[in-house]
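Me: I am new to reading protein models, and I would like to learn how to go from the picture to a careful description. Could we take it one feature at a time?

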Amino acid sequence: MPDSKEAKYKKELEFYRDILKDYLDEVDLLIWLALRDNGRISDTELAKIANVSVPTARRRRMALEEKGIIRVRGFLVFDKLKLSSADVLVKFKPCLSKEAIKDFIVRALEEPRIYEMSEYIGEYDILLRFFEKDYRTLKEKIEEFLTENGSIVERYTILANIYTPKVFSELVDENRED
């Protein structure tokens with residue numbers, strides 16, 4: 001592995017080696033980290049980073065993708081586009097049927113303003129991450145979505161996102177002016 005990449009990934013590799021040791025070896029980790037940094041990186045560059053042949057890098061990358069372990073995707077950087085986003089924590093009413101919760105999740109999956117969703121154990125049941133062109137419209141659309149599902153939602157909390165300095169381990173804007 002070239003010295004520059006070794007230095008760049010050293011701290012992360014120590015962490016990931018431990019928690020992912022049953023799933024990914026050093027080559028897989030380096031391929032994933034390089035793809036995370038640049039989803040369009042060539043297999044030739046992956047081979048250099050992981051210190052393997054190009055066919056090996058290609059085969060390993062494809063195996064990780066086929067197993068569903070990694071996905072190379074593009075995502076919007078809301079701050080750069082001056083879009084508004086918010087995390088919405090939702091608590092479902094007690095004693096709901098599994099079918100009612102499933103219907104809510106299906107509607108959330110189909111809502112284009114929701115770009116990420118996670119189910120939780122604890123005070124809240126689900127996190128919905130919304131985005132919109134401005135905060136006023138964002139609030140209206142969040143409330144509209146949740147009131148359409150009013151028979152299922154007990155309460156919710158909207159946490160408006162004002163700045164995202166790090167997305168999927170990438171610093172978004174190191175030169176941000178406050």
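Me: Which residue caps the N-terminal end of H7?

Reply: Keep in mind that this is a predicted model. To find a cap, look for a side-chain atom that lies by the backbone at the end of a helix; here aspartate 134 caps the N-terminal end of H7, with a side-chain oxygen 3.2 Å from the backbone nitrogen of arginine 136.

Me: What should the 14 residues of helix H7 span, at 1.5 Å a residue?

Reply: The general idea is to compare an expected span with the one in the model. Helix H7, residues 135-148, should span 20 Å, and because its end C-alpha atoms are 20 Å apart, the two values agree.

Me: Which residues of H7 are buried, and which are exposed on the other side?

Reply: Here one asks how much of each residue's area is accessible, with buried meaning under 20% and exposed over 50%. In H7 the buried residues are Thr137, Leu138, Ile142, Phe145 and Leu146. Seen down the helix axis, these buried residues fall within an arc of 155°, so they line one face of H7. On the other side of the helix, Arg136 and Thr147 are exposed.

Me: What do the buried residues of H7 pack against?

Reply: They pack against the strands S1, S2, S3 and S4, and also against helix H6. Helix H6, residues 98-110, itself lies across those four strands, running at about 150° to S2.

Me: In what order do the four strands form their sheet, and is the pairing parallel or antiparallel?

Reply: In general, strands of a sheet pair through backbone hydrogen bonds, either parallel or antiparallel. In this model the four strands form an open sheet in the order S2-S3-S1-S4, and the pairing is antiparallel. The edge strands, each pairing on one side only, are S2 (114-119) and S4 (153-161). From one strand to the next, the twist averages 20°.

Me: How many bridges join strand S1 to strand S3?

Reply: Seven bridges join S1, residues 84-92, to S3, residues 126-132, and the two strands run antiparallel. To follow one such pair in the picture, start at valine 90, whose bridge partner in S3 is isoleucine 126.

Me: How many helices and strands are there in the protein as a whole?

Reply: There are seven helices and six strands, and along the sequence they follow the pattern α-α-α-α-α-β-α-β-β-α-β-β-β. Of the 178 residues in the protein, 32% are buried.

Key
Residues are numbered from 1 along each chain as its sequence is written. This is a predicted model: local features need pLDDT of at least 70, side-chain atom pairs count only at pLDDT 80 or more; totals for chains, interfaces and linings use all residues. Side-chain values use heavy atoms; hydrogens and water are left out. Two strands pair if DSSP finds at least two bridges between them. Axes are lines fitted to C-alpha atoms, for helices over the stretch in contact, and angles run from 0 to 180 degrees between N-to-C directions. Contact means heavy atoms within 4.5 Å. The expected span of a helix is 1.5 Å times one less than its number of residues. Buried means under 20% relative accessible area, exposed over 50%, partly exposed in between (1.4 Å probe, protein chains only). The arc is that of the directions from the helix axis to the C-beta atoms. A polar contact is a pair of N or O atoms within 3.5 Å; within protein, one must be able to donate a hydrogen and the other to accept it, and residues adjacent in sequence count only if both atoms are side-chain atoms.
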